[in-house]
Amino acid sequence: MIGAHARGGRIAWIGLRPERRGEVTSVDRARIGPEGLEGDHGRPGKRAVTLIQAEHLPVIAALAGREATYPLLRRNIAVSGLNLLALRKATIRVGSALLRIEGPCAPCSRMEEALGPGGFNAVRGHGGWCASVVEPAAVAVGDEVRPG
């Protein structure tokens, strides 16, 4: 049962953070290099790429009491249609890239700035996942996401 998934997912959004605390830029495509998304300030290793479940945005918005958008949440890739929690410690194909889901991506203190008081707690449990890069490749919005 654990290995069965109803269907694959899709990349719903891609964002780059060129510098720490800088604005997030939405892009239609990006290259995932060995150390993460090229043009992003992220760190190599287990936190090279950050992903968020697209279906969690309405939950975060409801808990924060205001609109939640991908750029506000500061993750790299939003995935829709595939439960990322069910893939912890597994590899996933994101377009042609292969990533390993390493663990949860905790919300940062910026969530209080972005979402207002209580923003940090609104994101807890919904902040997404950190992944390492197994096979670099280019990715684009609309690309398939599936167990690897």
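The following dialogue walks through pockets, strand pairing and salt bridges in a predicted model.

Biologist: Let us begin with the pockets: what volume does the largest pocket have, and which residues lie nearest its centre?

Modeller: The largest pocket has a volume of about 460 Å³, and among the 15 residues that line it, Arg17, His41, Arg43, Arg47 and Cys108 lie nearest its centre. When its lining is sorted by class, eight residues are charged, four are polar and three are nonpolar.

Biologist: How many charged residues are in the lining of the second largest pocket?

Modeller: There are no charged residues in that lining, which divides into seven nonpolar and seven polar residues. The volume of the second largest pocket is about 180 Å³, and of its 14 lining residues the closest to the centre are Gly125, His126, Gly127, Gly128 and Trp129.

Biologist: Trp129 brings us to strand E9, which spans residues 129-135; how should I read a strand of this kind, and is E9 mostly covered or mostly open?

Modeller: The general idea is that in a regular strand the side chains alternate between the two faces of the sheet. In this structure, strand E9 is mostly covered, with five of its seven residues buried.

Biologist: Which strands pair with E9, and in which sense?

Modeller: Strand E5, residues 49-53, pairs with E9 in the antiparallel sense over three bridges, and here Leu51 has Trp129 as its bridge partner. Strand E8, residues 97-104, is also antiparallel to E9, with six bridges between them, and in this pairing the bridge partner of Leu99 is Val133.

Biologist: How many salt bridges does the structure hold, and where does Glu135 of E9 take part in one?

Modeller: The structure holds six salt bridges, and in one of them the side chains of Glu135 and Arg93 meet at 3.0 Å, N to O. This pair links distant parts of the chain, since Glu135 lies in strand E9 and Arg93 in strand E7, 42 residues apart. Glu135 counts as partly exposed because its relative accessible area is 34%.

Biologist: Lys89 and Glu102 form another pair; is each of the two residues buried or partly exposed?

Modeller: Their side chains meet at 3.7 Å, N to O, and the pair joins the loop between strands E6 and E7, where Lys89 lies, to strand E8, which holds Glu102, 13 residues apart. Lys89 is partly exposed at 48% relative accessible area, whereas Glu102 is buried at 12%, the cut-off for buried being under 20%.

Biologist: And what can be said of Arg31 and Glu38?

Modeller: Their side chains meet in a salt bridge at 3.6 Å, N to O; Arg31 is partly exposed at 38% relative accessible area, and Glu38 is partly exposed at 45%.

Technical notes. Residues numbered from 1 in each chain as written. Predicted model: local features only at pLDDT ≥ 70, side-chain atom pairs only at ≥ 80, totals over all residues. Heavy atoms only, no water. 1 Å grid on protein atoms, 1.4 Å probe; cavity = no way out; pocket = protein on both sides within 12 Å on 5 of 7 lines; lining within 4 Å. Points joined across faces, edges and corners; volume = space filled by probe spheres on them. Nonpolar A, V, L, I, M, F, W, Y, C, P; charged D, E, K, R; others polar. Buried < 20%, exposed > 50% of the residue type's maximum accessible area, 1.4 Å probe, protein only. Helix = DSSP H or I, 4+ residues; strand = E, 2+ residues; numbered from the N terminus. Pairing = 2+ DSSP bridges. Salt bridge = Lys/Arg side-chain N within 4 Å of Asp/Glu carboxyl O.
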